[in-house]
Amino acid sequence: ADFLAPRLRRVRPSPTAAISDQVRSLSAAGMDVINLGEGELDFDTPAHIRQAGIDAIVQGDTKYTAVAGTAALKQAIITKFNRENQIGYRADEVIAGSGAKQLIFNALLATVSSGDEVIIPAPYWVSYPDMVALAEGEPVIVPCHEKHGWKLQPEDLAAAITPKTRWVILNSPNNPTGAVYCAGELHALAAVLLDHPHVLVMADDIYEQICFVPGIFATLANVEPRLKERVLTVNGVSKGYSMTGWRLGYAGGPAWLISAMQILQSQSTSNPSSISQAATVAALEQGSDFITGWIEILQRRRTMIMNCANAISGLSADTPPGAFYVFANCQGMLGKTTASGDILRTDEDFAAYLLKSAHVATLQGSAFGAPGYLRIAYAIDDSRLQEACERITRACAELR
Ligand code: PLP
């Protein structure tokens with residue numbers, strides 16, 4: 001008997017979670033795998049934030065909280081949006097959840113129903129299309145191109161909007177390409193969106209702090225205040241504060257939407273961990289001086305990967321302005337033959353080859369809706385990254 005609900009058939013398991021599982025089991029079996037597949041910084045959560053979590057435990061801050069987050073956390077979120085993004089949200093316009101992922105999921109589940117379309121520019125974060133599918137909506141994938149810096153063009157957005165469009169999802173800095181939309185580019189998209197009052201916009205700003213071009217980051221609700229009532233601004237501490245395991249994200253948006261997300265949360269997870277909430281108050285309130293040092297380190301690593309990729313015939317990449325991924329064109333690798341006689345036909349074959357013969361895990365672009373590319377995450381320590389570069393170079397040199 002098939003006990004699974006039909007809705008589950010529309011969903012694929014997360015390919016990023018799959019590669020991490022694969023790396024864990026290969027490592028457990030004794031293989032020395034270097035993981036450039038994971039979307040996670042290797043830095044420790046800063047000490048003052050960890051201490052705030054410890055303090056919360058010691059003080060008995062270990063009970064259920066208000067569904068949308070404690071009053072202290074909500075205030076910290078409001079202050080963050082005000083100070084860093086110049087967006088004014090009231091307390092009923094913000095919510096904390098168990099990761100940005102849960103908030104995005106709840107927002108889609110609360111608003112998308114059968115036949116509704118959600119515009120997702122590709123390359124995209126792997127979870128968007130499947131979340132839309134779970135909500136019984138239709139993901140409408142709009143390809144973006146390397147020659148446009150991987151950014152959605154206003155005319156392509158306009159052409160994709162139909163009367164059934166519910167959402168457009170914007171993600172900047174972008175996973176997997178590292179693309180960052182500047183204020184001018186958001187203005188141009190906003191001009192299109194102003195003509196379509198039935199469309200909501202998700203601004204997934206989770207990589208806000210991981211930006212290598214000072215001052216370039218911008219977010220839609222700030223750039224075009226007339227859209228604010230239709231924008232959900234999603235953020236969190238996973239990437240900028242290296243707090244992926246704490247599972248704490250937050251969002252600001254119109255009160256009706258926040259309240260709908262809150263209902264879903266109240267009937268599923270109840271509230272994000274009280275301990276993580278306390279730690280996040282410390283993260284948001286005590287500044288992030290450490291980020292300058294992190295950016296320097298990441299920039300050095302980015303250069304290592306860029307030099308490696310561009311020195312290999314058949315691979316090429318442009319310097320990404322944000323996030324911690326290089327999205328390399330590997331079309332020149334396709335059709336090549338391995339030492340054991342296998343032909344690499346797809347980006348997936350190429351990624352599998354690197355794992356098998358170089359013991360380096362990466363992710364094929366097709367997982368992100370962009371076949372012919374390879375996402376290389378470089379948030380691991382310099383010596384391991386150097387070793388990974390050498391292994392990739394050697395494995396590629398063996399191809400004919
Ligand atoms: N959005 C994007 C684009 C991401 O890459 C990720 C994590 O990989 C998330 C959201 C989810 O972040 P969180 O850890 O806060 O759930």
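**Figure 1. The largest cavity of the predicted model, with its lining residues.** By class, the lining of the largest cavity comprises 11 nonpolar residues, two polar residues and no charged residues. The structure shown is a predicted model. The largest cavity holds about 100 Å³ of space. Its lining is made up of 13 residues, and those closest to the cavity centre are P121, P123, N171, N174 and Y181. Two or more lining residues of the largest cavity are given by β3 (117-122) and by β5 (165-171). Under the rule applied here, three cavities of 30 Å³ or more are counted.

**Figure 2. The second largest cavity and its lining.** About 70 Å³ of space lies in the second largest cavity. The residues that line the second largest cavity include L170, N171, S172 and Y181, together with L186, A203, D204 and D205. F217, A218, T219 and L220 also belong to this lining. At least two lining residues each are supplied by β5 and β6 (200-204). Divided by class, the lining of the second largest cavity has seven nonpolar, three polar and two charged residues. N171 and Y181 line this second cavity, and N171 and Y181 are also listed among the residues closest to the centre of the largest cavity.

**Figure 3. The largest pocket, between two domains.** The volume of the largest pocket is about 580 Å³. A total of 32 residues line the largest pocket, and T16, G39, K101, W125 and K239 lie nearest its centre. The largest pocket lies between domain 1 (6-44 + 290-397) and domain 2 (47-285), because both domains give residues to its lining. Three helices, α1 (15-28), α4 (100-111) and α5 (127-134), each contribute at least two lining residues. Of the lining of the largest pocket, α1 provides the largest share, with four residues. The class composition of this lining is 11 nonpolar, 13 polar and eight charged residues.

**Figure 4. The second largest pocket.** The second largest pocket has a volume of about 350 Å³. It is lined by 18 residues, and E208, Q209, C211, G215 and F217 are the closest to the pocket centre. Helices α3 (71-85) and α11 (290-311) each supply at least two residues of the lining of the second largest pocket. By class, nine of the lining residues are nonpolar, seven are polar and two are charged. F217, one of the residues closest to the centre of this pocket, is also part of the lining of the second largest cavity.

**Figure 5. The ligand and its surroundings.** The ligand is surrounded by 13 residues, of which A100, D204, S238, K239 and R247 are the closest. Backbone atoms of two residues are shown with their distances to the ligand: a backbone N or O atom of A100 is 2.7 Å from a ligand oxygen atom, and a backbone N or O atom of K101 is 2.9 Å from a ligand oxygen atom. From the side chain of R247, a polar atom lies 2.8 Å from an oxygen atom of the ligand. The ligand taken alone exposes 400 Å², and the protein buries 93% of that area. K101 and K239 are also among the residues that lie nearest the centre of the largest pocket. D204, one of the closest residues to the ligand, also lines the second largest cavity.

**Figure 6. Two cis peptide bonds.** Most residues other than glycine have a negative phi, and most peptide bonds are trans. A122 and P123 are joined by a cis peptide bond with an omega of about 0°. P123 is located in the loop between β3 and α5, and P123 is also one of the residues closest to the centre of the largest cavity. A second cis peptide bond joins S172 and P173, with an omega of about -15°. The loop between β5 and α7 (183-194) contains P173, while S172 is a lining residue of the second largest cavity.

**Figure 7. The backbone at Q86.** Q86 has a positive phi of about 50°, although Q86 is not a glycine. Q86 is placed in the loop between α3 and β2 (94-97). The helix that precedes this loop, α3, supplies at least two residues to the lining of the second largest pocket.

Definitions and conventions. Residues are numbered from 1 along each chain as its sequence is written. This is a predicted model: local features need pLDDT of at least 70, side-chain atom pairs count only at pLDDT 80 or more; totals for chains, interfaces and linings use all residues. Side-chain values use heavy atoms; hydrogens and water are left out. On a 1 Å grid over the protein atoms alone, a cavity is a set of points where a 1.4 Å probe fits but cannot get out, and a pocket is an open set with protein on both sides within 12 Å along at least five of seven lines; lining residues have an atom within 4 Å of a point. Grid points are joined across faces, edges and corners, and a volume is the space filled by probe spheres set on the points. Ala, Val, Leu, Ile, Met, Phe, Trp, Tyr, Cys and Pro count as nonpolar, Asp, Glu, Lys and Arg as charged, and the others, Gly among them, as polar. Domain bounds come from an automatic or database domain assignment. A residue is near a molecule or strand if one of its heavy atoms lies within 4 Å of it. A polar contact is a pair of N or O atoms within 3.5 Å; within protein, one must be able to donate a hydrogen and the other to accept it, and residues adjacent in sequence count only if both atoms are side-chain atoms. Accessible areas come from the Shrake-Rupley method with a 1.4 Å probe; for residues, only the protein chains shown count as cover.
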